[in-house]
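Student: I would like to learn how to read a protein structure feature by feature. Where do we begin?

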Amino acid sequence: MKKTIVVMLIAAMTAMLIAGCGNGQQSTAAEESVSETKEEAAEEAEEEEDEENYETGDASKDDPRNQDEIGEKELLVVSFGTSFNDSRRLTIGAIEQALADAYPEWAVRRGFTSQIIIDHVKKRDNVTIDNVEEALERAEKNGVKELVIQPTHLMEGYEYNDLMELVASYSDAFDKVSVGDPLLTSDDDFSAVADVVHEATKSYDDGKTAIVFMGHGTGADSNEVYSKMQRVFEDKGYGNYYIGTVEATPSLDDVMKAIDGKGYTRVVLRPLMVVAGDHANNDMAGDDDDSWKSVLEKAGYEVVPVLEGLGQLDDIRTIYAEHAKKAM
């Protein structure tokens, strides 16, 4: 399913990894570069297609939140981003609006970490979205004194760490800077998110349906959040809930082994991601032979893909708002 250009990119980064193995620091840096390249591989593949063969929605309905006249208190919402216009509006945009509604004294602005997505949306739709550095420069230029940054990341992975380093370099530009926690940080977060996604999917729970979530996965230690969430599901008695990832473990193979022999006839697929973007539409629910939907159908299951990102759930947006409040 990955385009040729993505395979070439990852192969090139892997070659760098091998070349750097004589030195521990070089190896670590190369491993991080490979992981970061994979993190953007799906969106890179989409960007390489001159003509998309699917409709992503009307970009004009989404507010890029890059206006000036910010005021002295800014709440900057930082996301990886997506070029799927409807999903961006219904997930990231909805989170931003929820924060704006909860804290009207703060000017809510947007920053994306994926320059590939920013460039693609600009080229295709002529919509300008700030990257994080541009958003920070805008805040400084507009005289912001208090800056709260709320990431929509799921975990403290590579992207979150990069964000923290960049924010630190701007710390002298503001009187006060603070950063909210990602979605899955505390034990209470895990418990709350498990309950939210269970509530959103319990109508499918008929005793013969496995409810499977697709996470992204990462080479960072924070990939452990997926196995931890699986344990939380089990501890809460959500025995027919399973988690796999696209880029790491547990994999789809692991999920299929877990559901095999348990009498399931149907599988509901949902993204354990803030947005329902390229991974959800293609890797999870696409018609290619290696999509999760196709593989599971070939194994004999009825498959029901649900293209809804976590950001579309009210209670998930509430958790982000609570994290922002703690940061304030």
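Tutor: Take a salt bridge as the starting point: the side chains of Arg-88 and Asp-62 meet in one, with 2.9 Å from N to O. The model is a predicted one.

Student: Which parts of the chain does this pair link?

Tutor: The pair links distant parts of the chain. Arg-88 sits in helix H4 (residues 85–90), while Asp-62 belongs to the loop between helix H3 (41–48) and strand S1 (73–79). They are 26 residues apart.

Student: Are Arg-88 and Asp-62 buried or exposed?

Tutor: Arg-88 is buried, and Asp-62 is buried too.

Student: How many salt bridges are found in the whole structure?

Tutor: A search finds 18. One of them joins Arg-266 to Asp-206, at 3.5 Å from N to O. That pair also links distant parts of the chain: Arg-266 is in strand S7 (residues 266–271), and Asp-206 is in the loop between helix H9 (187–201) and strand S5 (209–215), 60 residues apart. Arg-266 counts as buried because its relative accessible area is 17%, under the 20% cut-off.

Student: Which residues are joined into one network by salt bridges that share partners?

Tutor: Asp-62, Arg-65, Arg-88, Glu-96 and Arg-110. The pair we started with, Arg-88 and Asp-62, has both its residues in that network.

Student: What does a salt bridge with partly exposed residues look like here?

Tutor: Look at Lys-202 and Glu-199, whose closest N and O atoms are 3.1 Å apart. Lys-202 has a relative accessible area of 42%, so it is partly exposed. Glu-199 is at 48% and is therefore partly exposed as well.

Student: Now backbone angles. Which residues other than glycine have a positive phi?

Tutor: Among them are Arg-65, with phi near 50°, and Asn-126, with phi of about 55°. Arg-65 lies in the loop between H3 and S1. Asn-126 is in the loop between helix H6 (115–125) and H7.

Student: Is each of them buried or exposed?

Tutor: Arg-65 is buried, because its relative accessibility is 10%. Asn-126 has a relative accessible area of 58%, so it is exposed.

Student: Where is there a cis peptide bond?

Tutor: Read the omega angle for this. The bond from Thr-249 to Pro-250 is cis, with omega near -5°. Pro-250 is in the loop between strand S6 (241–245) and helix H11 (252–259).

Student: How do I read a charged patch on the surface?

Tutor: Look for charges of one sign that group together. Here Glu-133, Glu-134, Glu-137 and Glu-140 form a negative surface patch. One of these, Glu-140, is in helix H7 (residues 132–141). The relative accessible area of Glu-140 is 42%, so this residue is partly exposed.

Student: Is Arg-138, also in helix H7, buried or exposed?

Tutor: Arg-138 has a relative accessible area of 17% and therefore counts as buried. Leaving out residues up to four places away in sequence, Arg-138 touches Asn-66, Gln-67, Asp-68, Ile-70 and Asp-130.

Student: What about a buried nonpolar residue?

Tutor: Take Ile-149, in strand S3 (residues 146–151). Its relative accessibility is 0%, so Ile-149 is buried.

Student: Which residues does Ile-149 touch?

Tutor: Again setting aside residues up to four places away in sequence, the list is Leu-76, Val-78, Leu-136, Leu-163, Val-167, Ser-178, Val-179 and Gly-180. Sequence distance and spatial distance are separate readings. Ile-149 and Ala-324 are 175 residues apart in sequence, and their C-alpha atoms are 7.6 Å apart in space.

Student: How much of the contact in the protein chain comes from residues 24 or more positions apart?

Tutor: Such residues account for 79% of the contacts with a separation of 6 or more.

Student: And what do the totals say about the protein chain?

Tutor: The chain has 328 residues, of which 52% count as buried. There are 14 helices and 8 strands. The accessible surface is about 14,600 Å², and 46% of that belongs to carbon and sulfur atoms.

Key: Residues are numbered from 1 along each chain as its sequence is written. This is a predicted model: local features need pLDDT of at least 70, side-chain atom pairs count only at pLDDT 80 or more; totals for chains, interfaces and linings use all residues. Side-chain values use heavy atoms; hydrogens and water are left out. Patches are made of residues with over 30% relative accessible area and no salt bridge: like charges are joined within 9 Å, nonpolar side chains (Val, Leu, Ile, Met, Phe, Trp, Tyr) within 5 Å. Accessible areas come from the Shrake-Rupley method with a 1.4 Å probe; for residues, only the protein chains shown count as cover. A salt bridge is a side-chain nitrogen of Lys or Arg within 4 Å of a carboxyl oxygen of Asp or Glu. Lys and Arg count as positive and Asp and Glu as negative; His and the chain ends are not counted. The place of a charge is taken as NZ of Lys, CZ of Arg, CG of Asp or CD of Glu. Helices (H or I, at least four residues) and strands (E, at least two) are DSSP runs, numbered from the N terminus. Buried means under 20% relative accessible area, exposed over 50%, partly exposed in between (1.4 Å probe, protein chains only). Contact means heavy atoms within 4.5 Å.
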